Amino acid sequence: MSLCQRTFYNRTDGMNNILCRQIETRRDLCVSRQFRMPLFLNDLIAIKTQLNARSGSENIAYLLLYFAVVRLNDKTDPVTGLPNRNAFNTVFFHRQKPCRTIVFFDLNHLKQYNDTYGHSTGDSYLRAFALTMQEKLTSYGKLYRTGGDEFCFLSDHKADELKKILDQIRKNGRSNPLYGDYPLDFAFGVSEKKTDETNEALYMRADSLMYLDKRRMKENARSDTDERWN
């Protein structure tokens with residue numbers, strides 16, 4: 001074996017050890033947080049097995065596969081399985097054809113679930129909301145988890161059409177029982193793109209409308225409480 005070949009194999013084997021440790025770390029993180037193990041983690045574990053079983057140039061294909069799966073991981077939220085903020089930013093700010101309408105969601109009561117029942121229940125609450133909303137809105141666009149209790153929905157449908165659907169979903173008030181018995185209690189803001197409006201301006205407008213809706217919900221809740229005590 002030539003010096004160049006030995007150098008290549010040593011570097012490849014060293015990379016194998018690093019990748020295998022990364023795979024174990026990702027798996028341990030998900031188990032410790034009591035996440036549902038996503039499919040990509042099973043894929044990573046399978047790739048690790050192949051890396052251990054092979055050496056040299058045979059590993060190149062598995063290294064490339066690993067990086068492809070990691071890239072998918074970087075755009076997937078591990079709690080809900082939805083595309084995450086990285087995926088949202090790529091689609092919303094960089095795709096050639098802009099979306100017509102954006103919806104901002106803010107899920108209420110996540111902090112109370114976390115503080116009262118623990119983060120595992122809080123994660124279940126997030127999943128129930130995400131899966132229910134994805135199920136109800138799948139024919140209208142794509143849902144993303146962009147923050148702790150914040151979600152964004154991109155659609156090519158008109159804003160008025162989406163508002164009616166979301167008002168009805170919120171009126172019904174419960175998640176799909178298949179995902180858990182949780183309230184669908186959320187604020188939202190819907191903005192349809194204006195002529196020559198930038199994506200940044202559209203984004204800010206929807207965000208502002210969502211926070212306005214959230215303030216209205218809090219004011220209505222206070223009014224209802226005052227009425228019950230008077």
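How many salt bridges does a search of the whole structure find? Hi everyone, let's start there. The search turns up seven. Please keep in mind that we are looking at a predicted model. As a quick reminder, side chains of opposite charge can pair when their charged atoms come close. I'll walk you through some of these pairs, and then visit a helix and two single residues.

Let's take arginine 145 and aspartate 77. These two form a salt bridge, and their closest N and O atoms are 3.1 Å apart. Where do the partners sit? Arginine 145 belongs to strand β2, residues 141–145, while aspartate 77 is in the loop between α3 and α4, so this pair ties together parts that are 68 residues apart in sequence. Are the two partners buried or exposed? Arginine 145 has a relative accessible area of 13%, which is under the 20% cut-off, so we call it buried. Aspartate 77 comes out at 8%, and therefore counts as buried as well.

While we are in that loop, have a look at threonine 76. This residue is also placed between α3, which covers 59–74, and α4, which covers 85–94. Its relative accessibility is 16%, so threonine 76 counts as buried. Which residues does threonine 76 touch, if we skip those up to four places away in sequence? They are Gly81, Leu82 and Asn84.

Now for another pair, glutamate 192 with arginine 100. Here the closest N and O atoms of the salt bridge are 3.2 Å apart. This pair links distant parts of the chain, with glutamate 192 in strand β4 (residues 186–192) and arginine 100 in the loop between α4 and β1, 92 residues apart. Glutamate 192 has a relative accessible area of 26%, so this residue is partly exposed. Arginine 100, at 33%, is partly exposed too.

Next, please find helix α5, residues 110–117. Its buried residues are Leu110, Tyr113 and Asn114. If you look down the axis of α5, these buried residues fall within an arc of 95°, which means they line one face of the helix. What do they pack against? Their partners are β1 (101–107) and α6 (119–137).

And what does the face of α5 turned away from the buried side carry? There you will find the exposed residues Lys111, Asp115 and Thr116. Two of those names bring us back to salt bridges: the side chains of aspartate 115 and lysine 111 meet in one, at 2.6 Å from N to O. Both residues lie in α5, four residues apart, or about one turn of the helix. Just after α5 comes glycine 118, which has a positive phi, near 105°.

My last stop is phenylalanine 92, which you can find in helix α4. Its relative accessibility is 3%, so phenylalanine 92 counts as buried. Which residues is phenylalanine 92 in contact with, leaving aside its neighbours within four places in sequence? They are Cys99, Ile102, Leu154, Asn199, Leu202 and Tyr203. One more pair to try on your screen is phenylalanine 92 and glutamate 200: they are 108 residues apart along the chain, and their C-alpha atoms are separated by 9.3 Å.

To recap, we saw salt bridges linking parts of the chain 68 residues apart and 92 residues apart, and one within helix α5. Thanks for listening!

Conventions: Residues numbered from 1 in each chain as written. Predicted model: local features only at pLDDT ≥ 70, side-chain atom pairs only at ≥ 80, totals over all residues. Heavy atoms only, no water. Helix = DSSP H or I, 4+ residues; strand = E, 2+ residues; numbered from the N terminus. Buried < 20%, exposed > 50% of the residue type's maximum accessible area, 1.4 Å probe, protein only. Contact = heavy atoms within 4.5 Å. Arc of directions from axis to C-beta. Salt bridge = Lys/Arg side-chain N within 4 Å of Asp/Glu carboxyl O.
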